[in-house]
Amino acid sequence: MVAERRKVYGLGARFESASEIYQAAKKVRDKGFRRWDVHTPFPVHGMDAAMGLKHSVLGKFVFFGGIIGFITAVCLQFIPSAIIYPLIVQGKPFGIYSIPAYFPIIFELTILFSALTTVGGMFALNGLPRWHHPVFNWDGFGRFSDDAFIVVIEAADPKFTELGTREFLEELGAKEITLIHE
Amino acid sequence: MAKTEILEMGPNPTAEEPLPRIPLVLNNRSMAWITQRICGIVEGPTPIWWIVTFIISVILASICFACIGYMIVTGVGVWGLNHPVGWAWDITNFVFWIGIGHAGTLISAVLFLTRQKWRTSINRAAEAMTLFAVVCAGIFPGIHVGRIWMVWFLAPVPNSNAIWPNFKSPLLWDVFAVSTYFTVSLMFWFVGLIPDLATLRDRATNKIAKLAYGFFALGWRGGNRQWRHYEMAYLILAGISTPLVLSVHSVVSFDFATSVIPGWHTTIFPPYFVAGAIFGGFAMVLTLMLPARAIYGLHDLITPKHVDVMCKIILLTGTIVGYAYCLEFFTAAYSVNPYEQWVFLRNRMADPYIFSKLFDVPVAPYWWAYWAMMTLNVISPQIFWFKKARHNVFVVFAVCMCVNVGMWFERFVIIVTSIHRDFLPSSWGMFSPTWVDIWTFVGTFGLFMSLFLLFIRFLPMIAISEVKGVLPEADPHYQGPKGPQSGQLAQPEEARV
């Protein structure tokens with residue numbers, strides 16, 4: 001590792017339980033770090049607050065997705081039924097009294113567009129797909145998806161110093177601390 | 001089925017709480033154990049039983065496609081359809097399969113919103129089952145139109161004939177409902193799979209597996225900055241899937257309810273169909289999960305508690321369905337509409353032994369189908385009032401098979417018995433299936449099983465990250481000792497601190 005002059009991405013620290021990493025995250029937050037993350041096998045309850053993160057904005061995207069779905073369905077049905085190809089079935093022309101018959105498709109398309117926005121928005125906010133990331137350079141990182149709880153503090157953080165941050169992570173009780181290269 | 005289990009689940013006498021919580025994962029298993037257990041199924045060698053079952057399933061699926069090909073080349077006349085029965089096994093099978101598909105979304109969405117944590121052990125397999133059932137269901141409305149090359153007429157696309165579909169038709173609503181349902185279920189399932197695909201990627205030892213799982217895991221890193229959007233996405237998907245799952249079978253029921261056929265023209269159909277769908281779907285979940293759990297030894301993850309609650313849901317929905325059957329009959333009687341009364345009494349209910357004599361009417365031609373439906377759907381689940389029955393896997397499996405058959409009969413009764421006697425006696429006739437009808441239907445089971453077998457072979461059939469999330473030590477305020485290593489029995493007091 002001495003010979004390698006690759007750029008340092010950050011420091012990774014492994015903890016062994018959800019409660020340990022929860023306490024550690026609160027201290028990292030209080031220390032004032034900004035560019036760091038907690039990698040866990042499952043979403044740890046209350047971790048957003050422990051990391052000082054705000055509520056996800058995804059819901060707002062989905063609201064607009066739903067509205068677009070609604071408008072799409074209204075146009076898709078009303079334009080052909082009222083203008084292009086008026087169809088009188090069972091004596092019921094297009095009009096205010098036959099509108100309930102258009103509700104099922106309006107409902108389904110609202111749902112469909114909301115769901116597509118939810119998944120698309122989640123991918124966009126999470127930066128997925130991104131098949132390569134510096135954290136994968138740490139061989140032990142793969143344990144996050146098994147039973148390891150990992151804190152990674154990036155070197156890009158203004159408060160990051162290789163020695164100081166390592167000491168700080170040691171104080172927090174990390175079981176293993178590694179330098180991660182880009 | 002390896003063994004009958006009757007586990008004691010009574011209150012622990014040494015506990016301080018009056019009603020201790022039953023752990024969702026038995027024997028205080030560690031997270032590493034859960035990962036190993038579930039991924040081990042995928043990573044291990046292919047078992048002989050799997051190969052044998054898969055070959056049989058693929059052969060059946062091929063028969064299905066051969067029958068469909070024959071039908072398309074020859075025409076729908078190869079089915080038993082004729083005047084007056086223009087809809088029979090095709091639509092029966094469609095409603096049967098789409099009904100089965102409802103349990104998966106119910107488990108993943110409705111039980112998620114109601115915070116039923118036990119869903120984590122069964123939701124993945126149930127969602128997969130949903131997708132495969134919808135695939136099987138989608139075949140029938142596609143092919144029953146006869147001229148399948150005209151099926152694009154269903155889509156609202158501008159064409160040179162300047163013809164647009166009738167948006168007021170329930171058949172078109174069906175197209176939108178079922179395709180939306182499939183798309184949303186697929187996305188829901190895939191979003192749930194991402195963290196587990198990452199687990200498989202991180203464990204993979206051979207290059208192909210690492211590439212394949214890595215590709216679909218999308219580079220998931222499990223960072224909390226990802227989890228917060230992920231959890232929000234999951235919550236929103238659950239929130240919008242809940243009305244969706246209720247709407248899909250309602251729309252399916254509109255195919256019948258908006259017509260003027262006695263026996264179909266009923267306002268009770270939407271809730272009645274939804275309850276029936278959940279009922280049939282849970283039975284199919286248990287039908288698949290009980291053998292899978294026995295074969296793969298997943299008794300610590302799919303515990304007697306899980307089976308117990310699912311049996312209670314089957315009992316509840318089965319009783320709702322029974323209520324709907326009775327209410328339909330009551331409505332017909334109370335309406336004093338001779339055609340409605342005719343359908344229910346003379347087409348369905350009048351068996352040769354009791355009701356035909358009681359009401360002094362001729363025997364109904366389809367009395368056996370009606371009473372098969374009643375017995376299998378309404379009477380058989382009533383055994384689940386008894387805890388002993390809910391904890392005996394053989395009884396549970398037998399009842400689920402009864403429900404599977406019964407729910408098919410329900411759709412057959414609704415569809416065929418209502419239309420086999422038209423308003424004029426000159427347009428009366430019976431329906432009998434041809435070999436093409438039968439093998440197309442049997443073949444869809446082959447398709448369903450092939451897809452399900454591929455799923456349990458290559459994907460984690462239990463949601464690993466979600467099960468970990470409901471362990472006691474997943475709570476950040478968990479103070480107790482770290483659980484003993486796998487294999488040791490838990491001390492209930494320790495696990496519950």
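Visitor: How far apart do the C-alpha centres of domain 1 and domain 2 of chain A lie?
Guide: This is a predicted model, in which local features need pLDDT of at least 70 and side-chain atom pairs count only at pLDDT 80 or more, while totals for chains, interfaces and linings use all residues. Residues are numbered from 1 along each chain as its sequence is written, chains are lettered from A and ligands numbered from 1 in the order in which they are written. Domain 1 of chain A covers 8-56 + 133-181 and domain 2 covers 60-126, with bounds from an automatic or database domain assignment. Their C-alpha centres are separated by 45 Å.

Visitor: Which strands of chain A stand at the edges of the open sheet?
Guide: Strands here are DSSP runs of E with at least two residues, and helices runs of H or I with at least four, numbered from the N terminus; two strands pair if DSSP finds at least two bridges between them. The four strands of chain A follow the order β2-β3-β1-β4 with antiparallel pairing. Each edge strand has a single partner, so one side of it is left without a neighbour in the sheet; these strands are β2 (36-39) and β4 (176-181).

Visitor: Which residue of β3(A) is the bridge partner of A:Leu11?
Guide: Strand β1 (residues 8-15) of chain A runs antiparallel to β3 (residues 149-154) of chain A, and six bridges join them. Among the bridge partners, A:Leu11 has A:Ile153.

Visitor: What angle does the direction of helix α1 of chain A make with that of β3(A)?
Guide: Axes are lines fitted to C-alpha atoms, for helices over the stretch in contact, and angles run from 0 to 180 degrees between N-to-C directions. Contact requires C-beta atoms, placed from the backbone, within 7 Å. Helix α1 (residues 18-31) packs on the sheet, touching β1, β2 and β3 of chain A, and its direction makes with that of β3(A) an angle of about 20°.

Visitor: How is α4(B) oriented relative to α9(B)?
Guide: The axes of α4 (residues 102-113) and α9 (residues 269-296) of chain B come within 7 Å and cross at roughly 90°. Angles under 35 degrees count as roughly parallel, over 145 as roughly antiparallel, 65 to 115 as roughly perpendicular and the rest as oblique. The orientation of α4(B) to α9(B) is therefore roughly perpendicular.

Visitor: Which element gives the most residues to the side of chain B that touches chain A?
Guide: The contact takes 56 residues from chain B and 60 from chain A. On the side of chain B, α1 (31-43), α6 (170-203), α8 (224-257) and α17 (464-469) give two or more residues. With 16 residues, the element that gives the most is α8(B).

Definitions and conventions. Two residues are in contact if their C-beta atoms, placed from the backbone, lie within 7 Å.
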